[in-house]
Amino acid sequence: MPCRFLRSCIVYYYKFDFPATSLQKIMATSMAAALAASLPAAPAASAAPAPTYEAIPASMAKVIDIEAEIPLTCVQLDGLVVTKIIKHAREAPSTTAHGLLLGLDLDGTLEVSNSFPLPHHAGDDDEKSAKSSARHQASMLRSLKEVQADDSVVGFYQATTLGAFFNQTLVDTQAIHQEKLRHGGIVIVHDLSQTARGNASFRAYRLTATFMDAYRKSNFSTASLINHRLTFSSILEEVPLKIRTNPLLSAFLGTLEDSKKGGLSSSAEGSKTNSAINPSFSVLDLGTGGVARNLEQIVEAVDNYRTEEGNLSYMSRQIAREKAKAENYIAKRKEENQNRIAQGLAPLPEEDVSRLFKIPAEPSRLESLLVLGQIDAYGKSLAGTASTSLVKMYAAQAGSDV
Amino acid sequence: MPLGPTSSAINIQANSITEAVHNAPRTPTNITIHPVALFSILDHYLRRTDSQDRVIGTLLGTRHDNEVEVRSSFAVLHSETDEQVAVDMDYHRTMYELHHKVNPKEVIVGWYSTGSNLNTYSALIQNFYSQETGPHQAIHVAVNTGVVEGEEAGVKAYISSPVGVFPKPENCVFVPVPVELRFHDAERSGLDLLANTAQASSSTSSQPIADLEIIERAVTSVSEMLDRVLAYVRAVLAGEQKGDPAVGRYLMDTLGASTDDLEKGGFNSSLQDTLMISYLANLVRSQAEVSSRLALAAAS
């Protein structure tokens with residue numbers, strides 16, 4: 001690895017009588033390589049041009065990979081990731097900013113130590129964007145590895161507004177992750193609107209086993225839903241999430257908060273523009289600006305649900321019609337055969353009905369399930385806003401009485 | 001800084017150079033840093049190899065007039081020995097392209113290093129980054145992580161200007177520029193969350209935090225402030241302390257805010273609205289729940 005520098009670096013040669021420091025080498029230790037090899041490949045998309053390691057035989061991989069046996073009980077989010085996700089979510093052109101989470105799992109705790117955003121594709125055709133996104137992931141992972149950052153994918157994050165994050169892409173992506181990644185990987189959902197209201201909200205989820213079972217069979221008919229007891233609330237299960245700041249960050253934040261010293265050297269104007277973190281009271285804001293938007297979203301989601309239900313009932317009517325037709329045909333044929341037998345003729349063969357009548361497959365109810373989930377989430381966030389604003393109103397009234 | 005404290009003479013030289021070249025971009029006079037950039041630098045420093053004294057990386061951001069806004073940063077490989085310094089440019093380019101794809105607005109504005117040691121190598125690296133940022137000037141942000149005893153954690157920003165009769169890349173003056181932390185209001189809560197986490201003894205905090213808890217925290221802090229103000233006002237009234245007119249005016253502006261609107265029936269109508277919303281939200285939720293249960297029961 002030291003030879004990397006000879007690749008194309010600009011190398012300046014200068015001799016000075018500086019104190020001699022030992023020659024620096026950046027090398028990938030064999031230990032790290034072995035560890036990395038024992039980790040499962042990143043999702044199929046990102047694995048393509050990954051660096052190759054000495055392969056560990058499949059029989060041994062199981063033995064070496066002890067961690068995989070310990071079930072995941074907790075997700076630990078690093079301070080850096082918190083700020084990265086918030087920044088990306090705010091700046092992204094669409095509300096659905098997403099990116100990959102990197103980290104390690106240790107003793108049942110999934111430590112998310114880094115993340116990077118994925119480019120947003122609008123209007124590109126799917127295959128092209130998927131390919132470029134895969135290339136982006138692969139080269140990003142390679143680059144991060146070179147500076148000793150964690151480079152194993154443990155999940156992805158998704159920004160959302162008003163808590164409604166249920167959608168097909170999220171479920172699809174997470175399903176792929178859950179199959180490919182060790183421990184299934186997690187999705188961290190960041191709620192933008194709640195963050196704007198002063199409560200930075202991060203939640204970790206993964207798909208439940210029953211949903212995965214139904215998803216694998218890609219069967220979301222009514223019967224399958226009943227068998228799996230699937231409602232929108234049993235699609236995802238929440239994993240406890242903790243935020244952690246490493247000691248260096250804690251110390252630095254402490255300095256920043258210490259307003260007297262002023263962590264950053266302040267400008268000449270004096271203490272007013274001092275960069276130390278000023279207290280903020282946006283939480284106490286009485287404004288209910290977001291409510292109208294929230295109500296609109298609910299109406300929209302309910303409309304979607306109606307359309308979806310309309311489609312479903314149309315399709316089930318069609319199925320019923322086809323079935324009735326098929327049964328009629330069979331009954332007619334039987335009657336005819338009885339008549340022929342009575343007349344002493346050979347009965348007509350009973351043909352395969354399914355070939356004559358195409359009975360459509362039962363429609364998937366996944367979409368309507370997800371829309372219901374969205375409605376519920378919007379309702380939940382609306383209820384939350386209402387309850388906190390009640391508290392704030394009474395607080396303001398109590399304050400004004402004094 | 002090998003060249004000793006900056007003197008006014010050198011500053012004049014820097015200005016004269018920029019004035020001489022017409023249409024030259026103005027030198028940055030103010031630098032703001034986004035927390036993400038800072039935290040990335042700290043993380044990079046934490047992940048350095050044993051043999052590295054300091055780490056360097058590229059700063060990305062935007063420029064307006066005289067202000068440079070550093071919005072994010074990424075680590076760059078480099079090696080320093082007593083004879084040579086090498087910066088992995090391929091790596092720098094690749095990373096920049098990757099970042100550029102996601103966030104096309106951010107361009108290279110300069111570089112960072114940890115520690116407050118500015119030496120000849122700093123000048124060389126600065127020279128390299130000046131080529132990257134041209135025609136604008138590259139900025140250099142030195143983050144002192146505060147791990148060395150006796151040095152306080154902090155951030156300093158510099159721009160460079162050449163020095164000497166025959167300018168050489170290894171000679172330059174780093175002129176300090178004021179730097180401040182800046183973040184968007186919406187990101188504020190994230191920073192609060194981290195600050196609270198940092199104060200906890202275990203450096204961890206569990207999520208999600210209930211809205212009420214945050215409101216409670218804010219109310220407590222407001223009431224503490226009121227107590228402090230009250231103590232101050234009492235002290236002034238009692239003649240123990242000399243009153244500051246500026247403080248008085250601020251207090252008048254803040255506490256004079258009228259709540260008439262709330263008292264004159266505004267409260268009740270607002271209350272009704274809020275209750276209605278709450279009712280509606282619960283209605284929607286229960287309907288959704290019933291609907292999903294019905295879907296399960298339909299065929300059985």
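How many Å separate the centres of domain 1 and domain 2 of chain B, taken over C-alpha atoms? The figure is 42 Å. Keep in mind as you look around that this is a predicted model. The two parts in question are residues 8–185, which make up domain 1 of chain B, and residues 214–258, which make up domain 2.

Let's start with a big feature of chain B, its sheet. Eight strands line up in the order β9-β8-β7-β6-β2-β3-β1-β10, forming an open sheet with mixed pairing. At the edges you'll find β9 (172–177) and β10 (179–181) of chain B, and each has a single partner strand, so one side of each has no neighbour in the sheet. If you go from strand to neighbouring strand, the average turn is 35°, ignoring direction.

Now zoom in on one pair. Strand β2 of chain B (residues 56–64) runs antiparallel to strand β3 of chain B (residues 67–76), and nine bridges join them. Want a spot to click on? Try B:L59, whose bridge partner in β3(B) is B:S73.

Helices pack on this sheet too. Helix α2 of chain B (residues 35–46) touches several of its strands, including β1, β2 and β3 of chain B, and the direction of α2 makes about 25° with that of β3(B). Then there's helix α4 of chain B (residues 120–133), which also packs on the sheet; among the strands α4 touches are β8 and β9 of chain B. The direction of α4 makes about 165° with that of β6(B).

Next, see how the two chains meet. Chain B puts 100 residues into the contact and chain A puts in 111. On the chain B side, helix α8 (residues 260–297) gives the most, with 18 residues. Sorted by class, that side of chain B has 47 nonpolar, 34 polar and 19 charged residues.

Strands pair across the two chains as well. Strand β9 of chain A (residues 241–244) and strand β11 of chain B (residues 204–207) pair in the antiparallel sense, over four bridges. Here you can look for A:L241, with B:Q207 as its bridge partner in β11(B).

Finally, chain A. Domain 1 of chain A consists of 67–120 + 136–249, and domain 2 of 294–347 + 358–401. Their C-alpha centres are 29 Å apart. Where the two touch, 13 residues of domain 1 of chain A meet 16 residues of domain 2 of chain A. And what classes of residue does domain 1 of chain A bring to that contact? On its side there are eight nonpolar, five polar and no charged residues.

Note on methods:
Residues are numbered from 1 along each chain as its sequence is written. Chains are lettered from A and ligands numbered from 1 in the order in which they are written. This is a predicted model: local features need pLDDT of at least 70, side-chain atom pairs count only at pLDDT 80 or more; totals for chains, interfaces and linings use all residues. Two strands pair if DSSP finds at least two bridges between them. Axes are lines fitted to C-alpha atoms, for helices over the stretch in contact, and angles run from 0 to 180 degrees between N-to-C directions. Two residues are in contact if their C-beta atoms, placed from the backbone, lie within 7 Å. Ala, Val, Leu, Ile, Met, Phe, Trp, Tyr, Cys and Pro count as nonpolar, Asp, Glu, Lys and Arg as charged, and the others, Gly among them, as polar. Domain bounds come from an automatic or database domain assignment.
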